[in-house]
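Student: I am new to this structure and would like to look closely at a single part of it. Could you take me through that part slowly, and then show me what lies around it?

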Amino acid sequence: MANPSLLILAGDGIGPEVMDEVKRIIGWFGDKRDLTFDVSEDLVGGAAYDAHGVPLHDDTMAKAQEVDAVLLGAVGGPKYDNLDFSVKPERGLLRLRKEMDLFANLRPAQCFDALADFSSLKKELIAGLDIMIVRELTSGVYFGEPRGIHIEDNMRVGINTQRYTEAEIERAARAAFELAKKRGNKVCSMEKANVMESGILWRDVVNEVHQADYADVELSHMYADNGAMQLVRAPKQFDVILTDNLFGDILSDCAAMLTGSLGMLPSASLGLPMANGRPKAMYEPVHGSAPDIAGQGKANPIACILSFAMALRYSFDEGAEADRLEAAIEKVLADGARTGDLMGPEGGTPLGTTEMGDVILAALDASL
Ligand code: IPM
Ligand code: MG
């Protein structure tokens, strides 16, 4: 059988630095676990704009459609802030999500024991935290039409449209219920049914899917503003949170920060099964391109490495190897390995990006 294929789009800022460590980890699985991937690389975001004048070249889009999984670093940076909206680095990322139809965005917010002191919340509120946010990723106000800035009565008007079809809500809901069955068996769905018709439909469809096929999963509903409040009040009440594209964007940043460092959190964006049975998939860290520290070799590669662990689990059915990689990361953190973003008040000398890669590789070796 052919090796599974990966397309690496490292992107901008710290993207290439953290992705270098992921490449070493991928190499390790080839050498030591007989899990060899065919890896190709291409440009996205500002890097693609610099080379081609667009944030994602059509050839790159075509390659992304063919591989088993895409690994993305980060896009954007101050250099590109004043570009026309249509060629901003973020448009490259949104095009990948839309054209690959990656409707289910899985954003775990997990608190590593060794880092429980890093949260802005009290330790007892977040120790052992393990939430999975399922964010709808291909519709809603990010893509709804009409949109744009128009002139009406000599005045500029900015328009975006929140739009959801039943089918879009249903497939996101199914993804959330399926995940819940493998976890704590609880889904909390968040919208604004008190002010938005799309929220009323969202709640109805989630209830219908629940009654039809997932009645054994515990389902609750919350208005998204209350959900944000509950996330910082008592985050451990949640197992799987199901929400739309825009609320998911905001709630997932909030959930991420509960764990103390954005530099720790991975994500998976999944679509429909391909001919080989694997889902269309892209994996990326939740953090951005961090232009302030880019090129200095001090970024934390863990979120990007954990994103590869998610690829092992969700694309390649290698759950045991994903566990191995996650355990290696837990081990190095427990042993005190820290990049700059993880330095507590006690101080110490932070590891650089490559050094963090080194200790994780050593922990992987030790796991054999
Ligand atoms: C995210 C990011 C993106 C989004 C940006 C970079 C377009 O914030 O993945 O959460 O808004 O979806
Ligand atoms: Mg975001």
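Student: Which residues of α1 are buried?

Tutor: Please keep in mind throughout that this is a predicted model. The buried residues of α1 are G15, E17, V18, M19, E21, V22, I25, I26, W28, F29 and G30. The helix itself covers residues 15–33, and because each of its 19 residues should add 1.5 Å along the helix, counted over one less than the number of residues, the expected span is 27 Å, which agrees with the 26 Å between its end C-alpha atoms. Just after α1 comes D34, which takes a positive phi of about 60°.

The buried residues of α1 pack against three strands, β1 (5–11), β2 (38–42) and β3, and against the helices α10, α11 and α12 (353–366). One residue to follow from here is F308, which touches V22, I25, I26 and F29, and also L6, F37, L71 and L325, when residues up to four places away in sequence are not counted. F308 is also, together with L71 and L325, among the residues with the most contacts inside the largest nonpolar core, which has 70 residues. The element that gives the most to this core is α10, with nine residues. Another core lies apart from it and has 19 residues, among them A109, L129, F247 and L251.

Two of the helices that pack against the buried residues of α1, namely α10 and α11, come up again at the largest pocket, which holds about 990 Å³ of space. The elements that give two or more residues to its lining are β4 (104–110), β5 (130–136), α6 (166–181), β11 (266–273), α10 (302–314) and α11 (319–334), and the largest share, five residues, comes from α6. In total 36 residues line this pocket, and L106, M132, L179, R313 and Y314 lie nearest its centre; by class, the lining has 20 nonpolar, four polar and twelve charged residues.

The strand β3, another element against which the buried residues of α1 pack, leads in turn to the second largest pocket, with a volume of about 410 Å³. Its lining has 20 residues, and the closest to its centre are L93, R97, R107, E284 and V286. Here β3 (69–74), α4 (89–99), α9 (245–258) and β12 (279–285) each give two or more residues to the lining, with the largest share, four residues, coming from α4. The lining of this second largest pocket divides into nine nonpolar, four polar and seven charged residues.

Methods: Residues are numbered from 1 along each chain as its sequence is written. Chains are lettered from A and ligands numbered from 1 in the order in which they are written. This is a predicted model: local features need pLDDT of at least 70, side-chain atom pairs count only at pLDDT 80 or more; totals for chains, interfaces and linings use all residues. Side-chain values use heavy atoms; hydrogens and water are left out. On a 1 Å grid over the protein atoms alone, a cavity is a set of points where a 1.4 Å probe fits but cannot get out, and a pocket is an open set with protein on both sides within 12 Å along at least five of seven lines; lining residues have an atom within 4 Å of a point. Grid points are joined across faces, edges and corners, and a volume is the space filled by probe spheres set on the points. Ala, Val, Leu, Ile, Met, Phe, Trp, Tyr, Cys and Pro count as nonpolar, Asp, Glu, Lys and Arg as charged, and the others, Gly among them, as polar. A nonpolar core is a set of buried Ala, Val, Leu, Ile, Met, Phe, Trp, Tyr and Cys residues joined through side-chain atoms within 4.5 Å. Buried means under 20% relative accessible area, exposed over 50%, partly exposed in between (1.4 Å probe, protein chains only). Contact means heavy atoms within 4.5 Å.
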